[in-house]
Amino acid sequence: MSIIIILCVNFYLMNIVQSSTLTTPPQSAVVVAFEDIYDLSLLANTLSDQGIDTTLIIPAFNENEVYETLIDVEVLTVKVEIKESTYSEKKTIQICEALLKDEQIAKKIQEIQPTFTVFPALRHDGCLLPWAKTVESIPVIWTRNREEEIYVFEWTGAALSVQNTGFWTRLWTNMSRRSTFYTVRDEYIIYALRIVGKYLPHTNLNLDNLYDDVHLILWGADVILRSDFAPLTQLIVEVGCHHCRGPHPLQNDLHKALIEFRLGTVVVLLDENYETLIKELAWKLPQGKEGQAVVWKNMKWQNLNENLPENLFVHPRIDRQDLIGYGRTRVVLSHCADTELLESAFHGSPVICFPRNSYEVKNTARAIQLGFARSVEEIHTLSGEEIANTVNHIHETMDYRENARKVSLAIRDRINPAVDRLIYWLRYMARTKDWNLYFLMPVNSVKTMNEDLQFFLGLFVGVVVGAFSTIEYRYIQIQMVRARVYLIANEEM
């Protein structure tokens, strides 16, 4: 009798589980990165932390650029030989072909049967959208910077670009964006689709329908950094700070060394091109127990036997957030790329920005506007002494720390963190894979009242200018006729 009761209870519980709409089968994801390996490996680690079986596919020559503490993420490498001088489009095309003809990776993907395939758009889409369709996986686009955001919105119509600059600046910006779009299409996508046609001939994807299966776009930034587009669908998900967390304790030997310096720690996240400047900065800062320590994270550091200043510590494999959020960190020296700047904002650490491109210049301007950053462009002479003076100025001025704290609270006090939005929408897409989601799709050919106003204003100006031009032209003609009549009359006399 007891056995019968137990069986009935088990059948009842199984029925409840099967009837729940929130119950989802085990999910898996493949994150593919031909470029920006570190940031995409951060995303892979986040997905793994949230219980999604995650695989990361990267080029073999970038294997040392992955996130330092990947947990339960399987890394597959694409073996390809590429010259350093090769430009980006050609490099990613070669990686694409190597991926498509790699039988071991193909066999592994067949075993995994990934629910999602996540990858950036620029220099990835022409190869990976057909590939995702072939393995019957949901394609998810990740945007890395302003250029990629506009590129994706151009393909999908998922958002409208918003600009607050003057007419000529807007005109130049729009021309540059169109140029970028057509350059990528002509120099990457067309060639990538040819290669795809060679290895995956039955995808039937071309320039007209390439993005038809793309519904979910992961915006890898945050409104703290920028808000220069108006979304037309819920399926643009803000996940820029998906990996942000509290700092973990530093290694014992490093922590013991740093607490010997009473004025705190300067964290440096600059690349190896700034080695001389960083050493000079360490020498110019106060030395000894009453001084400041400098911790430089450099993944390519190799000069292990070089004599360094006693207050300079170089670590190639340490988590950035553990340094930025370290309780004794006073200032962060960074290039102010999206991810680094978001981490500094999350932990409330003032920043000195060393921008390398136009995107980082705009991020720097935004951080200065929020009051927790300075830029090297404001420093007339880029020297260790000037940087040391700027570090001391920020350290002694409470406004920078207070503004950084306010920005940190703005990120931390949100009703739903970025990681929750990320996981919710991924699971939603998995649950509704076979649904008709047109009610969430953006409306085609969106027009705004401002465009209508500009049209009628331009029409009015055109009519007025045309009328005055016609009147002036007729007036000139009449004057010429009168002059000719006058000359004829004088000749006859």
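Me: How many salt bridges does the count come to in this structure?

Reply: The count comes to 24 salt bridges. Keep in mind that this is a predicted model.

Me: What makes Arg146 and Asp228 a salt bridge?

Reply: Good place to start! The rule asks for a side-chain nitrogen of Lys or Arg within 4 Å of a carboxyl oxygen of Asp or Glu. For Arg146 and Asp228 the N to O distance is 3.6 Å, so the pair fits the rule.

Me: Why is this pair said to link distant parts of the chain?

Reply: Look at where the two partners sit. Arg146 belongs to helix H6 (residues 146–156), while Asp228 is in the loop between strand S7 (216–219) and strand S8 (229–231). They are 82 residues apart. Both Arg146 and Asp228 are buried, too.

Me: How do you know that Lys279 forms a salt bridge with Glu275?

Reply: Use the cut-off again: the nitrogen and oxygen must be within 4 Å. The closest N and O atoms of Lys279 and Glu275 are 2.9 Å apart, so this pair counts as well. Both residues lie in helix H9 (residues 275–284), four residues apart, which is about one turn of the helix.

Me: Why is Lys279 called buried?

Reply: Buried means under 20% relative accessible area. Lys279 has 16%, so the word buried applies to Lys279.

Me: What makes Arg405 and Glu402 a salt bridge, and where do they lie?

Reply: Their side chains meet at 2.6 Å, N to O, and the limit is 4 Å, so the pair qualifies. Arg405 and Glu402 are in helix H14 (residues 398–412); because they are three residues apart there, about one helical turn separates them.

Me: Are these two buried, exposed or partly exposed, and why?

Reply: Under 20% would be buried and over 50% exposed, with partly exposed in between. Arg405 has 41% relative accessibility, so Arg405 is partly exposed. Glu402, at 32%, therefore gets that label too.

Me: Which residues are linked in a network of salt bridges?

Reply: Try finding these in the structure: Glu35, Asp36, Glu89, Arg123, Arg144 and Glu148 are linked in such a network.

Me: What about the protein chain as a whole: how many residues are there, and what share counts as buried?

Reply: The chain has 493 residues, and 47% of them count as buried. It contains 16 helices and 15 strands. About 26,800 Å² of the chain is exposed, with carbon and sulfur atoms supplying 55% of that area.

Methods
Residues numbered from 1 in each chain as written. Predicted model: local features only at pLDDT ≥ 70, side-chain atom pairs only at ≥ 80, totals over all residues. Heavy atoms only, no water. Helix = DSSP H or I, 4+ residues; strand = E, 2+ residues; numbered from the N terminus. Buried < 20%, exposed > 50% of the residue type's maximum accessible area, 1.4 Å probe, protein only. Areas by Shrake-Rupley, 256 points an atom, 1.4 Å probe, with all protein chains shown as cover.
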